[in-house]
Amino acid sequence: MTRKNLYFLALFLGLAGQLWIVYSYKKLEKQEEAFNTCIFNRLTGLPCPSCGTIHSIVSIIHGNFRQALTDNPLGYIGILIVSIIPYWVLADLAFGKESFYRFFLLADRMLKRRWVLASVLSIVFLLWIVKLLHFFHCF
Amino acid sequence: MDAQKADMFIMTHAKFFEPHLIPAIREKLLQTDESKWMTIQSLTYREPVLMLIISILGGHFGIDRFIIGDMGLGVAKLLTCGGLGIWTIVDWFLIMERTREVNFEKLRMLLG
């Protein structure tokens, strides 16, 4: 992927994510449910591996860190991605650097190693299993 | 490589590449040694239309990105619920072009 395409995608998705968090935050403040964007959840009724991320992020913003872990531990990664990447990209564009692009290429190379990818996917899969067990009231 | 073989390759494989890259691919093929012909023929390419179908069905989990080899973006898509659903939809429009790009990169690596 070219640097230009990556920066456009990261900036667009990062800012859209931030707007979505603000919208969800306001909805949840009023005790209303935010619009469900999860296609998998809408089709099957089951939570997907990253369902609950927004609830988790809102819990982190409220300082309720234990609740955030219960909602979805991926919320911690989500809030880091959304709060750092758009500004990192903007800083790169402003100063004419490409540190984010180099970081992306490094992460991409790392993830092409089978054991790294398998480890990441296993963690996500395990979290999903726990989420599904919780969903079916197994504990 | 002779022009007949290069044209045959272009005719059978044009759908795997961006249309504006076809003349450059032909030129490169003509400059390539004959001994590479078998390797070029046996190279497998991702089908852009198939990738679009995969993107529609499994794009939410980043499966489309994993298949074309964009591991970083695949993991990011998986962790963010398909970019909160937005990225899933954006990728329906980007994935075919990206697949063709990946196919071209693969061929370029072989041709040198």
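In the predicted model, the area buried between chain B and chain A amounts to about 2200 Å², and carbon and sulfur atoms give 81% of this area. On the side of chain B, the elements that give two or more residues to the surface touching chain A are helix H5 (63-68), helix H6 (71-79), helix H7 (81-84) and helix H8 (86-111). Among these elements, H8(B) provides the largest share, namely seven residues. When the residues on this side of chain B are sorted by class, 13 are nonpolar, six are polar and four are charged. In terms of residues in contact, 23 residues of chain B meet 29 residues of chain A. Five residue pairs in polar contact, with both residues at pLDDT 80 or more, are counted between chain B and chain A, whereas the count of salt bridges between these two chains is zero.

The side chains that meet in the interior may be considered next. In soluble globular proteins, nonpolar side chains tend to be buried together. The largest nonpolar core in the model holds 18 residues, and those that touch the most other members are Cys38(A), Phe40(A), Cys48(A), Leu111(A), Leu117(A) and Val75(B). Two elements give two or more residues to this core, helix H7 (114-135) of chain A and H6 of chain B, and H7(A) gives the most, with five residues. The surroundings of one member can be described in detail: leaving aside residues up to four places away in sequence, Leu111(A) touches Val116(A), Leu117(A) and Val120(A) of chain A, as well as Met71(B), Gly72(B) and Val75(B) of chain B. A second, separate core consists of 16 residues, including Ala6(B), Phe17(B), Trp37(B) and Ile40(B).

Helix H6(B), which contributes to the largest core, is mostly covered, with eight of its nine residues buried. The buried residues of H6(B) are Met71(B), Gly72(B), Leu73(B), Gly74(B), Val75(B), Lys77(B), Leu78(B) and Leu79(B). After H6(B) comes Cys81(B), whose phi is positive, near 60 degrees. Cys81(B) has this positive value although it is not a glycine, and the residue belongs to helix H7 of chain B. Because its relative accessibility is 6%, which lies under the 20% cut-off, Cys81(B) counts as buried.

A further buried position is found elsewhere in chain B. His13(B) lies in helix H1, which spans residues 3-13 of that chain. The relative accessibility of His13(B) is 11%, and therefore His13(B) also counts as buried, the limit being under 20%. When residues up to four places away in sequence are not counted, His13(B) touches Gln41(B) and Tyr45(B).

As for the overall form of the partner chain, the secondary structure of chain A comprises seven helices and zero strands, so that the pattern read along the sequence is α-α-α-α-α-α-α. Taken along the principal axes, the C-alpha atoms of chain A fill a box of roughly 50 × 40 × 30 Å. Chain A has 139 residues, of which 38% count as buried. Among the contacts in chain A with a separation of 6 or more, 52% are accounted for by residues 24 or more positions apart.

Methods:
Residues numbered from 1 in each chain as written. Chains lettered and ligands numbered in written order. Predicted model: local features only at pLDDT ≥ 70, side-chain atom pairs only at ≥ 80, totals over all residues. Heavy atoms only, no water. Helix = DSSP H or I, 4+ residues; strand = E, 2+ residues; numbered from the N terminus. Buried < 20%, exposed > 50% of the residue type's maximum accessible area, 1.4 Å probe, protein only. Contact = heavy atoms within 4.5 Å. Buried area = accessible area lost by both parts, 1.4 Å probe. Salt bridge = Lys/Arg side-chain N within 4 Å of Asp/Glu carboxyl O. Polar contact = N/O pair within 3.5 Å; in protein donor to acceptor, adjacent residues only side chain to side chain. Nonpolar A, V, L, I, M, F, W, Y, C, P; charged D, E, K, R; others polar. Core = buried A, V, L, I, M, F, W, Y, C linked by side-chain atoms within 4.5 Å.
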